[in-house]
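Reader: I am new to reading protein structures. Could you take me through this one, a few questions at a time?

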Amino acid sequence: MNEQVSMLQAEQLQPLAARLRPETLDEIIGQKHLLGPGKVLRRIVEGDQVSSMIFWGPPGVGKTTLAHVIANQTKASFINFSAVTSGIKEIREVMQRADKNLVYGERTIVFVDEIHRFNKAQQDAFLPFVEKGSIILIGATTENPSFEVNGALLSRCRVFVLKSLTEEEIANLLRRALSSPKGFGRQQVIMADTTLAMIARFANGDARAALSTLEMAVLNGHMENGAVTVTPEIVEQCTQRKSLLYDKNGEEHYNLISALHKSMRNSDPDAAVYWLARMLEAGEDPLYVARRVIRFASEDVGLADPRALELAVAAYQACHMIGMPECSVHLTQAVVYLSLAPKSNALYMAYETAKQDALAQLAEPVPLHIRNGVTSLMQQLGYGKGYQYAHDTQDKLTDMRCLPDSLLGREYYLPTDQGLEYKFKERLEQIKAWKRERGNAGASAAPDPAPGK
């Protein structure tokens with residue numbers, strides 16, 4: 001009897017999320033795209049046909065829980081392995097145990113939590129054992145496995161993407177926690193659905209965060225006549241400021257800067273300012289954002305508004321001089337300006353097209369007449385011969401060819417009619433018309449200028 005009481009007390013001392021951890025697939029909240037009736041992962045687990053796989057998803061969506069359910073339902077030996085506390089030595093010890101199990105015909109499933117924390121050498125240590133079938137590897141990661149898991153290891157694992165839980169799914173989980181004997185089912189907790197919804201909204205798809213918040217709220221609730229009342233005010237005190245999901249070195253970093261860039265490109269200042277705030281308030285370096293804004297000014301606006309680059313550079317300088325939080329308004333000014341500016345990617349396309357030709361013809365010689373003949377030998381070899389100095393002409397134009405012969409007629413800069421770029425388009429058309437009138441006949445017999453002109 002005393003042993004049973006001790007076990008019950010030990011269980012109650014566990015965090016709520018640990019006490020409520022599902023033991024079967026049917027108890028798992030969410031992930032219907034993988035675990036619904038007839039879905040692939042459910043069939044694999046129920047059929048005990050587990051192969052090496054990686055669970056990829058944000059925190060608190062059930063990656064570790066799913067691994068434990070597999071441990072409960074599989075006939076294989078199950079080893080829980082943490083990338084945070086384990087090294088090469090521990091990996092080798094586990095692999096030796098797996099080899100022994102294989103001799104006796106027993107499969108070994110090795111679950112590696114936070115596999116992205118392993119370096120390349122540690123991940124490589126698993127590879128030969130996965131290849132020869134000594135172990136079935138199940139990894140869990142919050143980071144994009146394409147970036148964080150070795151290609152050789154990744155190619156031998158099936159990746160399952162776990163999604164953030166919806167507010168409704170989180171709310172159902174919280175109701176289960178209030179009613180289950182493993183949760184708060186043994187005590188009376190008075191809590192309105194709207195208050196429950198506050199926690200579900202705050203959790204942002206993270207079941208573990210939702211259960212931790214609920215536990216804190218109940219522990220801080222008003223006790224009266226044996227019942228605990230949880231008010232919205234208590235929940236607000238427990239949650240305080242919502243943490244932003246952001247990792248400056250992870251995939252979300254690139255997702256958010258992509259969202260900012262594409263919102264500006266789509267001329268949506270409201271969305272652009274929101275994504276900017278998401279990054280800055282999560283601790284992003286403002287200079288990183290400012291550098292990307294400078295890139296945008298030329299890549300997506302360009303000569304449609306030449307002032308865009310000036311403003312972007314000024315915003316970078318402001319960030320450098322005064323830092324956060326003051327420089328947030330300067331970045332906002334630049335982001336809104338670029339969102340509303342006329343758009344042209346003509347400069348970006350000009351370079352990308354020219355780059356392809358340049359890479360394909362890296363050895364294409366520079367035409368002799370535009371080489372700089374700075375020595376007598378160079379001049380004897382024809383360097384600079386026939387060069388036309390545009391400033392010596394009335395129109396400040398010549399019909400001299402500057403592209404290699406193999407690329408004559410190629411056009412890279414194709415200006416648009418957007419914003420001020422139409423003026424550059426008109427000017428370019430005038431220059432091309434002038435050259436066509438003169439037949440673009442090549443170098444004239446004008447006297448050679450002094451070297452360096």
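Reader: How many bridges join β7 to strand β8, and do they run parallel or antiparallel?

Author: This is a predicted model. Strands of a sheet pair through backbone hydrogen bonds, either parallel or antiparallel. One pair of bridge partners is M223 and V228, the latter in β8. β8 covers residues 227–230, and the count of bridges to β7 is 3, with the two strands running antiparallel.

Reader: Which strands stand at the edges of that sheet?

Author: The sheet is open, its 3 strands have the order β6-β8-β7, and the pairing is mixed. An edge strand has a single partner, so one side of it is left without a neighbour in the sheet. That fits β6 (188–191) and β7 (222–224).

Reader: Which helix packs on the sheet, and what angle does its direction make with that of β8?

Author: The helix touches β6, β7 and β8. It spans residues 232–239. It is α13, and the angle is about 70 degrees.

Reader: Where does N225 lie, and is it buried or exposed?

Author: N225 has a positive phi of about 55 degrees, although it is not a glycine. It is found in the loop between β7 and β8. Exposed means over 50% relative accessible area. N225 has 76%, so it counts as exposed.

Reader: Is D48 buried or exposed?

Author: D48 is in the loop between α4 and β1. Its phi is also positive, near 55 degrees, and it is not a glycine. Buried means under 20% relative accessible area. D48 has 17%, so it is buried.

Reader: What is the strand order of the sheet of 5 strands?

Author: Start at the edges: β2 and β5 (158–161) each have a single partner strand, so one side of each is left without a neighbour. β2 pairs with β3 over 6 bridges, in the parallel sense. β1 and β5 are joined by 4 bridges and also run parallel. The full order is β2-β3-β4-β1-β5.

Reader: Which residues make up the covered face of β2?

Author: In a regular strand the side chains alternate between the two faces of the sheet. In β2, F78, N80 and S82 are on the uncovered face. The covered face has S77, I79 and F81.

Reader: Which elements do the buried residues of α5 pack against?

Author: The buried residues of α5 are K63, T64, T65, L66, A67, V69 and I70. Two helices and four strands are their partners: α3, α4, β1, β2, β3 and β4.

Reader: Which side chain of opposite charge is nearest to K63, and how far away is it?

Author: K63 belongs to helix α5. Its contacts beyond its sequence neighbours include F55, W56 and T141. A salt bridge needs the charged atoms within 4 Å. K63 is buried and has no salt bridge; the nearest opposite charge is D113, at 6.6 Å.

Reader: How many residues has the largest nonpolar core?

Author: L174 is one of those with the most contacts inside this core, along with L41, F55, M191, L214 and V230. L174 is in contact with residues including L196, I199 and L214. Apart from this core lies another, of 26 residues, among them A272 and L338. The largest core has 51 residues.

Reader: What kind of peptide bond joins M324 and P325?

Author: P325 is in the loop between α17 and α18. For its bond with M324, omega is about 5 degrees. The bond is cis.

Methods: Residues are numbered from 1 along each chain as its sequence is written. This is a predicted model: local features need pLDDT of at least 70, side-chain atom pairs count only at pLDDT 80 or more; totals for chains, interfaces and linings use all residues. Side-chain values use heavy atoms; hydrogens and water are left out. Buried means under 20% relative accessible area, exposed over 50%, partly exposed in between (1.4 Å probe, protein chains only). Lys and Arg count as positive and Asp and Glu as negative; His and the chain ends are not counted. Contact means heavy atoms within 4.5 Å. Two strands pair if DSSP finds at least two bridges between them. Axes are lines fitted to C-alpha atoms, for helices over the stretch in contact, and angles run from 0 to 180 degrees between N-to-C directions. A nonpolar core is a set of buried Ala, Val, Leu, Ile, Met, Phe, Trp, Tyr and Cys residues joined through side-chain atoms within 4.5 Å. Lists of a residue's contacts leave out its neighbours within four places in sequence.
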